[in-house]
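Please walk through this protein with me, from its overall layout down to single residues. Keep the structure open as you read.

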Amino acid sequence: MLHMTKTQSAECSRVRQATVPVTSDVDIVLARQRGRELASEAEFTAVESTFIATAISELGRNILQHAGEGEVSIRIEKQEDGTVLIVVARDHGPGIPNVNRALQDGFSTSGGLGLGLPGVRRLMDEFEIVSHRNHGTTVIAKKWARGCTIGRLGRTARASFERRDGAAGRKFAAVGSATR
Ligand SMILES: Nc1ncnc2c1ncn2[C@@H]1O[C@H](COP(=O)(O)OP(=O)(O)OP(=O)(O)O)[C@@H](O)[C@H]1O
Ligand SMILES: [Mg+2]
């Protein structure tokens, strides 16, 4: 376990990552654990780490339920405006025909609650789906750390940018099928 001190703040700049193939429920538990470990090393709060772990669970579950198999990768990156945890959930399943509909609360093609994707979008700071029919789905979700000084500054700058941009406090992009 990493104990952060002032002299160890260079840890904020170290790139760490984990990739977990997802073929069964056990893999979702593992991906969730990896996400939590990486988040706590990067100074995310306990609450933020739980948000990240929950988002990873939902994306892993979607891979299993809707695509059969895929992978979840998690990495920490130091970028110019802060430290960010990036989750990429990727599969080569059937794809999502209408991404905007899939993001509505309550929309499900499997008799589920239809709260997974919209929930992930709310839990994370940035969210993007790229999905092509018969070619699979990639979801990219990011959360910015406030633990590192540069992250805190980055977060402030980001928030004001989003306000100027008129977005509802979150960056969001969705790309539907281009191959239909
Ligand atoms: N990886 C994926 N591949 C194909 N379709 C997907 C994928 N992820 C989500 N979807 C589609 O988007 C819909 C909404 O997903 P969402 O996670 O919000 O709800 P759900 O999985 O149906 O139910 P739950 O609330 O249990 O998560 C799904 O019903 C499915 O049609
Ligand atoms: Mg789901």
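The protein has 5 helices and 6 strands. Read from the N terminus, these elements run β-α-α-β-β-α-α-β-β-α-β. The model is predicted. Of the 180 residues in the protein, 33% are buried. Contacts often span long stretches of sequence. Among those between residues at least 6 apart, 67% join residues at least 24 apart.

How far can the prediction be trusted, residue by residue? The average pLDDT of the protein is 81. A score of at least 70 is reached by 73% of the residues. Over residues 1-12, the pLDDT is below 50. That stretch has 9 contacts in the model beyond near neighbours in sequence. Residues 176-180 also have a pLDDT below 50. Here the model shows 13 contacts beyond near neighbours in sequence.

Now turn to the interior. The largest nonpolar core holds 34 residues. Which of them touch the most other members? They are Ala 55, Ile 56, Leu 59, Val 72, Leu 85 and Val 87. Helix 2 gives this core its largest share, 6 residues. Take Val 72 as a way in. Setting aside neighbours within four places in sequence, Val 72 contacts Val 20, Val 22, Ala 31, Ile 56, Leu 59, Gly 60, Val 87 and Ala 89. Among these partners, Ile 56, Leu 59 and Val 87 are also on the list of core residues that touch the most other members.

Helix 2 matters for the ligand shell as well as for the core: its 6 residues are the largest share of the shell around ligand 1. That shell counts 24 residues. Ala 102, Ser 108, Thr 109, Gly 112 and Gly 116 come nearest to the ligand. Two elements give two or more residues to the shell, helix 2 (46-67) and helix 4 (116-123). What classes of residue make up the shell around ligand 1? It has 10 nonpolar, 12 polar and 2 charged residues.

Helix 4 deserves a closer look. Its buried residues are Gly 116, Leu 117 and Val 120. Seen down the helix axis, these buried residues fall within an arc of 95°, so they line one face of helix 4. What do they pack against? Their partners are helix 2, helix 3 (99-102), strand 4 (126-132) and strand 5 (136-144). Pro 118 also sits in helix 4. Is Pro 118 buried or exposed? It is partly exposed, because 17 other C-beta atoms lie within 10 Å, and burial takes 20 or more. Beyond residues up to four places away in sequence, Pro 118 touches Leu 103, Gln 104 and Asp 105. Its C-alpha is 6.3 Å from that of Gln 104, a residue 14 places away in sequence.

Back in helix 2, look at Arg 61. Arg 61 counts as partly exposed, because it has 16 C-beta neighbours inside 10 Å. Leaving out residues up to four places away in sequence, Arg 61 touches Ile 28 and Gly 116. Gly 116 is one of the buried residues of helix 4. Arg 61 and Ile 28 are 33 residues apart in sequence, yet their C-alpha atoms are 7.0 Å apart.

Helix 1 (residues 25-41) contains Ser 40. With 17 C-beta neighbours inside 10 Å, Ser 40 is also partly exposed. Between Ser 40 and Ala 145 lie 9.9 Å in space, C-alpha to C-alpha, and the two are 105 residues apart in sequence.

Finally, check two loop residues by their backbone angles. Glu 43 lies in the loop between helix 1 and helix 2. Its phi is near 70°, a positive value in a residue other than glycine. Glu 43 is buried, because 20 other C-beta atoms lie within 10 Å and 20 is enough to count. Asn 134 is in the loop between strand 4 and strand 5. Phi of Asn 134 is near 70° and positive, again in a residue other than glycine. Is Asn 134 buried or exposed? Asn 134 is exposed, because 11 other C-beta atoms lie within 10 Å and the limit for exposed is 12 or fewer.

Methods
Residues numbered from 1 in each chain as written. Chains lettered and ligands numbered in written order. Predicted model: local features only at pLDDT ≥ 70, side-chain atom pairs only at ≥ 80, totals over all residues. Helix = DSSP H or I, 4+ residues; strand = E, 2+ residues; numbered from the N terminus. Near = placed C-beta within 6 Å. Nonpolar A, V, L, I, M, F, W, Y, C, P; charged D, E, K, R; others polar. pLDDT = per-residue confidence, 0-100. Contact = placed C-beta atoms within 7 Å. Arc of directions from axis to C-beta. Core = buried A, V, L, I, M, F, W, Y, C linked by C-beta atoms within 7 Å.
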